[in-house]
Amino acid sequence: MHSRRDFLQKLTASAITLPFLPNSTSLEEFYSKPYDGPVLRVAIMGLGGYGSRVAEAMQSSKMAKLVGVISGTPSKIKDWQSKYKIPEKNCYNYENFDQIKNNADIDAVYVITPNALHHNQVIRVAKAGKHVICEKPMAINAKEGQEMVEACKKANVKLLVGYRMHFEPHTLEIVRMRKAGELGKITFFQGLSGFKIGDPSQWRMNKQLAGGGAMMDIGIYAINGSRYMVGEEPIWVTAQETKTDPQKFKEGVDETITFQLGFPGGAVASCLSSYNINNLDRFFLTGDNGFAELFPATGYGPIKGRTHKGELNQPIVTHQTVQMDEMAAIILQGKQPMVPVDGEEGVKDLKIIDAIYAAVKSGKKENLKL
């Protein structure tokens, strides 16, 4: 079975075996010294491939600890209990996980389930009084996403989205360069995300569970990347869909979509999302005074990059380890990340996705208001 997870893992599998390296002096100090501060106690909902990756990465986290699981598969719960020393009282299924409201040993739930399930599950977690981390895309449309944001605000809990690239050192160096004016006036961004998907029976090829096709899976990387790379919110979008295999890619499951975004400062973005083109994982940003490129841009590591000044040599990190520590700091200490990871950030991406699908259908430029 081939999925985004398999694709990203194969692209950059070597990073998992590399020792963790921090992305700044402060992080180096943090990971080299004993830590006795507050710890975010996390339950993972959805024990599939990516849930397992997050769980493994969290073993190296200092501010986040895996303490619970939520799954519809009893055998998986038993396996995780044994592997991660999870007590029986912190194990739930999809029917009874509302009872976490009575469990003082769980602070937050990381929802890592099919896209269409996020809305209901996140709202239930919020009503149980727990903070929520939700894998991206946050929902299958902006309406659902906004309802999730409002539910978490009403419950006075934080809602964060699993944007691991927002903490990745090479990515943040380019954002820093752009903010410092080292690229000059930004004029163009290109984001390419694609691979050939395998098993047509997997949930990512089921519109009812995924909400679409490649756009709802890997397309969000280019959408989100265009925003933090350019440093503005797009004001219009145009889009075109290509489908060469309607047997495999059923109605409502997009195979390949090219889309263009316009920004108020005059920059434009040209992006592509595909489930039928291999080896697409590249970001390119250019301005009047320089350029920056990431290739691979969004794999699990190592991310590689260069700019007009030469190769980027930021350290290689395990993305999910850093993500969970940074998110723990956001929840426990109110830390402000360089690039937002809150629910409002997720809704903005969903508004763009909604507009892309509308542009494919209408064949016209769709205006955006984020």
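User: How many bridges join strand 5 to strand 6?
Analyst: This is a predicted model. Strand 5 covers residues 131-134 and runs parallel to strand 6. Within strand 6, Leu160 is the bridge partner of Ile133. The number of bridges joining strand 5 to strand 6 is three.

User: Which residue stands opposite Ile133 of strand 5?
Analyst: Strand 5 also pairs with strand 4, in the parallel sense and over four bridges. In that pairing, the residue opposite Ile133 is Tyr110.

User: In what order do the six strands lie in the open sheet?
Analyst: Strands of a sheet can pair either parallel or antiparallel, through backbone hydrogen bonds. Here the pairing is parallel. Strand 3 (91-92) and strand 6 (159-161) each pair on one side only, as the edge strands. The order is 3-2-1-4-5-6.

User: Which helix makes a right-handed β-α-β unit with strand 5 and strand 6?
Analyst: Strand 4 and strand 5 make a right-handed β-α-β unit with helix 5 (residues 118-127). For strand 5 and strand 6, the helix in the right-handed unit is helix 6 (residues 142-154).

User: At about what angle does helix 3 run to strand 1?
Analyst: Helix 3 spans residues 49-58 and lies across strand 1 (40-45), strand 2 (64-70) and strand 4 (108-111). Its angle to strand 1 is about 160 degrees.

Key
Residues numbered from 1 in each chain as written. Predicted model: local features only at pLDDT ≥ 70, side-chain atom pairs only at ≥ 80, totals over all residues. Heavy atoms only, no water. Pairing = 2+ DSSP bridges. Helix = DSSP H or I, 4+ residues; strand = E, 2+ residues; numbered from the N terminus. Contact = heavy atoms within 4.5 Å. Axes fitted to C-alpha atoms, helices over the stretch in contact; angles between N-to-C directions. Right-handed = clockwise from strand over helix to strand, strands pointing away.
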